[in-house]
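Please work through the exercises below with the sequence and the structure at hand. Each task is followed by a worked solution.

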Amino acid sequence: LDVAGSYMGMGTVYNSQARYEQALEMHQKALEITLRLVGDDHLAVAGSHNNIGSVYVGQGRYEQALEMYQKALEIRIRLVGEDHLTSRSLILIPGR
């Protein structure tokens, strides 16, 4: 997951620079690697969906952002429950 984490970090930097296409590419690479290594039900997968959602928000692609945030939320609730802090942060602040 180290390589996926590096892609994720690069995507975060690109997103903060409003370089959305590069950010999306990095976050999608991170998601692909993470899915290959750990499967669908892992908190790292939820994090990747959340990061992609943030890029979509920056691009003004709000429906797609909501889809990504919903995927992240479903995984987190399934794995740690609704009352866990990671799940609650998505419920209360879906733009994070």
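The exercises treat confidence, fold, core, salt bridges and surface in turn.

This is a predicted model, in which local features need pLDDT of at least 70 and side-chain atom pairs count only at pLDDT 80 or more, while totals for chains, interfaces and linings use all residues. Residues are numbered from 1 along each chain as its sequence is written, and side-chain values use heavy atoms, with hydrogens and water left out.

**Exercise 1.** Determine in which helix confidence is lowest and in which it is highest.

Solution. pLDDT is the predictor's confidence in each residue, from 0 to 100. The chain has a mean pLDDT of 90, and 86% of its residues reach 70 or more. Confidence is lowest in helix α5 (residues 85-92), with a mean of 54, and highest in α2, at 98. Where pLDDT is low, the predicted coordinates should not be read in detail.

**Exercise 2.** State how many helices and strands the chain contains.

Solution. Helices (H or I, at least four residues) and strands (E, at least two) are DSSP runs, numbered from the N terminus. The chain contains 5 helices and 0 strands, and its pattern along the sequence is α-α-α-α-α.

**Exercise 3.** Identify the residues that touch the most other members of the largest nonpolar core.

Solution. A nonpolar core is a set of buried Ala, Val, Leu, Ile, Met, Phe, Trp, Tyr and Cys residues joined through side-chain atoms within 4.5 Å; buried means under 20% relative accessible area, exposed over 50%, and partly exposed in between (1.4 Å probe, protein chains only). Leu24, Ile52 and Tyr56 touch the most other members among the 15 residues of the largest core. At least two residues of this core come from each of α2, α3 (43-59) and α4 (62-80).

**Exercise 4.** Locate the 2 salt bridges of the structure and explain how their partners are placed in the chain.

Solution. A salt bridge is a side-chain nitrogen of Lys or Arg within 4 Å of a carboxyl oxygen of Asp or Glu. First, Glu25 pairs with Lys29, their closest N and O atoms being 3.7 Å apart. Because these two residues are 4 residues apart in helix α2, about one helical turn separates Glu25 and Lys29. Second, Arg78 and Asp41 meet at 2.7 Å, N to O. Arg78 lies in helix α4 and Asp41 in the loop between α2 and α3, so this pair ties together parts that are 37 residues apart in sequence.

**Exercise 5.** Is Leu37 buried or exposed?

Solution. Leu37 belongs to helix α2 (residues 20-38). Its relative accessibility is 53%, so Leu37 counts as exposed.
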